[in-house]
Structures are given as structure tokens and as C-alpha cells.
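Please open the model in a viewer and keep the sequence panel at hand. The tour below proceeds by selection, and each stop states what is found there.

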Amino acid sequence: MFQYRRLSELFNYIRKYDYISPERLASRFEVTDRTIRNDIQEINVVLEEHGAGVKLKRKYGYYIEVKEESKYHSFLEKYESSPENDIELDSSKDRIKYILRLLLESGDYISLNELTDKVFISKNTLNNYIKEIKKIVDKYNLEYISKPNTGIKIIGSEEDKRKCIMDNVITYNFDNYITGFTKEERFLFQGIDLDYLKQITLSQLNRRNIETSDYNIKNLIIHLALMISRVKNNHYINILDIETDYSVMQIVESLCEDIEKYYDIAVSKGEKIYIYLHFVANTHMHATDIDDGWVKKSIGEMLEIIYENYHFDLRRDRILTEDLFRHMKSIFTSKSMGLNIRNPLINTIKNNYLLAFEITLTAVSKVFTVQPFVLNEEDVGYISVHVGAAIERYFAKKLERKNVLLVCGSGQATTRMLETRLNLYFQDKINIVRCISYNEYNNYRGKDFNGIDFVISTVPLESKIVPSVTVNFALKNKDIELISRFLSVMNIKKGRKESAFFDKELFFHFKEVENKEVLLRSLYDKLREKGIVEEAFLDSVFEREKLGKTNMNDIFALAHPMKLCSKETKVAVAILDKPVLWSEEETVQIVFLLAIKPGVQKDIEHLYDIFIEIVNDSRLQQKIIHSRDYKEFVSSLQ
């Protein structure tokens, strides 16, 4: 196996021809001549160990030179039957995952030579991969064993091995994960009919009218496939007997009967408990005695903390309390059984619903403090979606409708039709003050636009007084989308006050900082000098840092206290020439230290809109990093 897929494709392409020119290769793979030369060097690192190499003959091109026919022939046989034909091993991450899978599947030692041959890497590269694999298995109470002249293996309980496989071998790309079975999954579970498992799983759920998400159904199927593959290779799980719910166990028994007949295996009691636990976790069937009163009381405490700290009053939102009850009952059922449910959307949620996530994290960290009911970031992500929807409803109630002037040049009938359709789609968002013709509009002067937020017109307009949107009188879907986007932008811009949030005296450009703590103390000192925060602010910031990482990506970190405790709403900004280590092995170059005055919810919302823009726009991040002074920084945000 070559280091990445382009090398494999390049090797296959060269060996088709007696000679092939560098120019043709560069054109074929859409890279430079220099890249082709570098790729050839990488290919030769592998081929030289197998009696061959890629050479360049002047005026002819590249060709394969075979020095040892038998070694090269043996290489080709292994290469053509290698996993590269079944799965992609384009990156070091893919190759580490593949080696980890081989070690977890094997009950015996695997030699280093066997691993290098299977993945076509050098021993030095394998040693680097093994360092990463050791870090992974340590997290699962598994032990890496090395025996001289024999090889390596991983030992530990079957339960821990399966957890490691699910977390590190299975790929959870959300869109691909729920739409079907990937090439990788079919390769991983060779000899197991995944479509059959889907059929019997859906049959059991539909027969009993059990509703769950596509993601959870896929989880169930993958756990069934993993159980079957492990049992077929004589790897059995030994979970202690637990008290089970009769109705859920009936479903598990029925599923296992089908599996035993189809695959000619015996499903032990321990395996049935394993499937039972994952069935409960993925169907939200409440099979434990979680106290409903305690869950409702805890939700009430959460909403009280959100009100006290952020002044969003969500306490009487029945939709929120009912949704949270159902979801948190399911989370706690899983946790009581020692299961943590993965959240494939956690990064999307954190990057796009930052405000809701931070508010939720603050609340749950104060309410759920005793194991096994301490919530992790993935749990918080799910809950924050419900909280975010409630915040949107909270603001929607307070949002004033925009006053609109409707201009239509094609007669009263079409004007009335357009007016009716606008009111139908935007009844809670706009108030049509007047309907006028194009000629009447041309006679309007400044005072005539008093109280008008914007104009909707069927003909293009030019005005420096109020903005306008041009639509078709039939109000097609694209026009509805256009108006919706326009309203969203208006609401953001209305509260967008960068100059109020940022301050020249709180903007810093550092060539280098000693560490994260020193940087935060330095920014805090400046905020305190200006009388914006008090001593308790810094303790609250460090408390939040302990709770979970505040770097949004590998560029931008958003540090802030656990609660709103500032006298003004300001952001201290640090731009670093040399990245600073922020969390584990992750570094950042842009650091915002956020100070927010209590009771200014709109400021919070608009600030987080700015932060989300930064997180999701790599070009904006680079503009900020390269801002030479405060003026350029503020300009980049506008």
C-alpha cells in the first residue's frame, strides 16, 4: 500500500506504458512536474524493497525498471489483493485505523513485517503509527503487548475492545452514515449481510410501532454486525446479568433467533445483554427506573440558572420542557447502563449554535454533578439544540415586525395578489404599510419614508434612503428565500455594533506568549485596568476552561467566564504570530476573552453571530491574523 491514493493511481498509470512523459503525468493528475517528481520518490521508497523502481529516461519518460523479477512479481500479487482495492487508505489516520482493526480482530501476535507488508509502509512509519495506537488503547483499559521476534497484540476485555472498535474504527460521517452502507462498512463486515440485518431490525421496530432516528437505526445494525463478526471469530462478551425490561428483551430475543438461524451461530446470554443495552440506548425506550420527578426538577433548575445567568426566560416554554424531559430521560437511561451515546453533529452544533451550547453547558455543569449523570459535551450538544430553538422562540416573540412599502407597477389586481401572498408567508415578520405604483414611488421624498424599514418591489429601484428587494409579482420560491435572507441580515445588522464591543485599548498583537494561562491573565489585567471586570472574573474564566475546550477550531479560541459578571460588554482580542497551545495538542492564533454585562441578551446574540462568522470563514480568520492594527481588525469584521 502506498502512502496515499494518488501514489497508487500514479504507479498503476506508469506500469500501463513502456514510457510516459512527466508532462503527460502532470496533466493527467492535475499537479506540477515537481509534485510528480516528489511522488515518484515516495513510490520508489516502497518499490526499492521489492526489486523494482521508477526511472526516467531522457526524451522518453518514466518507466518501471525491474531488478529482481520474483520479488517484484510477489509484490504485485500482494498489491493487487491488498485492502486498497476494497477500502481507501489515503491518510495516516486511515492506515492507523486499519492497523488498529487488525490488532483488535486478532487473538494472537501479529509480526511487524506482516503489518508493513499489509499496509505497504516502512518500519519507521509503523513505529510512529504504533505510538498513536498506544495512546488510543490506553483510553479503553486495553494493553499493548510487544514480544521480541514474535510481534505485537492488544489484550483486554471484549467489552472494552468493542468500545474501541466502535469509537475508532467505525467512521461516523453523519450524511454517509445514515443513507446506507459504505464501502468501508461492507469491507469491515465481510461475510455479514448488512442489508438483511437492516431488514430484520426495521421489521421488529415497525411491528411494535417503535420510532427512532435513522442515525440510531444505523447504530443498532452496526452493533449487531459487530456482535456477529466477533462471535464468528470466537470473541465473546461477558456482561454481568442485569435486570431487563420484559418488552425490550422480547424484541432482542426475536432478533437473536433470526440471527442464529441465518448465520448458524449461538448468541449467548452475554451477547443478548449487549444487544439489549444498545437497543435501549438507540430507541429511547425507558427500561430503567429513572425518577420522572427528579428529571423534571433538574430541568427546572437548569432553566432557572439560564434565567439568572443570561436573562433568557425559558421557564414557561412548554415545548422546551416537554422536549427536554423526553430527551434527558433517554440520556439518563443510557448512562445508568454505562453507555455514552455519540453525537455525530457535535462540531456542527458548536460551530453554528455557539450561544445555545455555552448557555446549556453552563447550566448542566451546575445541575448534574454526580456520576453517572454527569453530562459530556456530546450530551450537551443534543440538549443545546432544544435550548437554541427555545431562544429563537423567545426572540421571535420580542421581534418587531418590519414596516414595508410595496411597489408594484402592473396594476391593482396583481398588487393585491402580491400583498396577499406576502402576508401569508411573512405575517409575523412584516407589516405592509402602503401599496403604491412605481410612479408614486418616484415622487416620494425623505419624509415619505419615515417609519419604513425597507421596500418590496416588482421593478428594480434605486434609493439611498431605504433598502429594497426586487421580486416577481407571483412571489416564487426564490423570492420568498430572498426576502427571508434579507430579513435575517437586517436583524443582524440592526444590532451589529462592532465598535461598541471592541476597543483599541483591548486589542493586542503578540509575537509570542509563554502559555495559555499567562495570555488569559494578561488580557484579564487589561479588562480590570479599564474597570470592566473584577477579580472573580478570572476565576470564572479558568473554571470554564476546566469544563471543556473553548477553542472553536485550530485558529480561534473564545474564552469566557462561567457566568455573566462584567460591568460592560467588551471583548479583549489577542492575535498571535506564533500559535499557543490551547487544549491537549491543539493550538490557536486568535484569542477573544469575552466580558458580558448581565441583562443584555441582544448584545450576546449579536456578539455570537460575529463569532460564528469567524469560526465558519477561513478567509476571515486569515484577515484577522494578518491585521496589523486595530483599524484593520475592525475593518475585517465589517
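**Salt bridges**

The count of salt bridges in this chain comes to 24. The model is a predicted one, and three of its charged pairs serve as the opening stops. Side chains of opposite charge can pair when their charged atoms come close.

Select Lys 135 and Glu 132 to begin. Their side chains meet in a salt bridge, with a distance of 3.7 Å from N to O. Both residues belong to helix α7 (residues 123-138), where they are 3 residues apart, about one turn of the helix. Are these two side chains buried or exposed? Lys 135 is partly exposed, at a relative accessible area of 43%, and Glu 132 is also classed as partly exposed, at 34%.

Next, select Arg 186 and Asp 195. The closest N and O atoms of this salt bridge are 3.3 Å apart. Arg 186 counts as partly exposed at 38% relative accessibility, and Asp 195 counts as partly exposed at 40%.

Now move to Arg 544 and Glu 358, whose side chains form a salt bridge of 3.0 Å, N to O. Arg 544 lies in helix α25 (residues 536-547) and Glu 358 in helix α18 (residues 354-367), so this pair ties together parts that are 186 residues apart in sequence. Arg 544 is buried, with a relative accessible area of 1%. Glu 358 is buried as well, at 2% relative accessibility.

For the last stop in this group, select Glu 158, Arg 162, Arg 230 and Glu 271 together. Salt bridges with shared partners join these four residues into one network.

**The cavity**

Keep Glu 358 selected, as it reappears here. Rolling a probe the size of a water molecule over the atoms shows where empty space is left. How many cavities of 30 Å³ or more does the structure hold? It holds 1, and the space in the largest cavity is about 70 Å³.

To display the lining, add Tyr 310, His 560, Pro 561, Lys 563, Leu 564, Leu 594, Ala 595, Ile 596 and Tyr 608 to Glu 358. Colouring this selection by class gives 7 nonpolar, 1 polar and 2 charged residues. Glu 358 thus offers two views: it is a partner of Arg 544 in a salt bridge, and it is among the residues that line the largest cavity.

**The sheet of β9 to β12**

Switch to a cartoon display. Strands of a sheet pair through backbone hydrogen bonds, either parallel or antiparallel. An open sheet of 4 strands follows the order β9-β11-β12-β10, and its pairing is mixed. Which strands stand at the edges? They are β9 (507-510) and β10 (556-559); each has a single partner strand, so one side of each is left without a neighbour in the sheet. From one strand to the next, the twist averages 20 degrees.

Select β9 with strand β11 (residues 570-583). These two run parallel and are joined by 4 bridges. Within this pair, Phe 507 stands opposite Val 573 of β11.

**The sheet of β5 to β8**

A further open sheet has 4 strands in the order β6-β5-β7-β8, with parallel pairing. Its edges are β6 (430-436) and β8 (468-470), each of which has a single partner strand, so one side of each has no neighbour in the sheet. On average, neighbouring strands of this sheet are turned by 25 degrees against each other, direction ignored.

Select strand β5 (residues 402-407) and β6, which run parallel and are joined by 6 bridges. Here the bridge partner of Val 404 is Ile 432 in β6.

**The hairpin of β1 and β2**

Select strand β1 (residues 52-57) and strand β2 (residues 61-66). These strands run antiparallel, with 6 bridges between them. Lys 57 stands opposite Gly 61 in β2. The hairpin has 3 residues between its strands, and Lys 59 takes a positive phi near 70 degrees.

**The whole chain**

Finally, clear the selection and zoom out. The chain contains 28 helices and 12 strands. Its C-alpha atoms fill a box of roughly 90 × 75 × 65 Å along the principal axes. Of the 638 residues in the chain, 50% are buried.

Note on methods. Residues numbered from 1 in each chain as written. Predicted model: local features only at pLDDT ≥ 70, side-chain atom pairs only at ≥ 80, totals over all residues. Heavy atoms only, no water. Buried < 20%, exposed > 50% of the residue type's maximum accessible area, 1.4 Å probe, protein only. 1 Å grid on protein atoms, 1.4 Å probe; cavity = no way out; pocket = protein on both sides within 12 Å on 5 of 7 lines; lining within 4 Å. Points joined across faces, edges and corners; volume = space filled by probe spheres on them. Nonpolar A, V, L, I, M, F, W, Y, C, P; charged D, E, K, R; others polar. Pairing = 2+ DSSP bridges. Axes fitted to C-alpha atoms, helices over the stretch in contact; angles between N-to-C directions.
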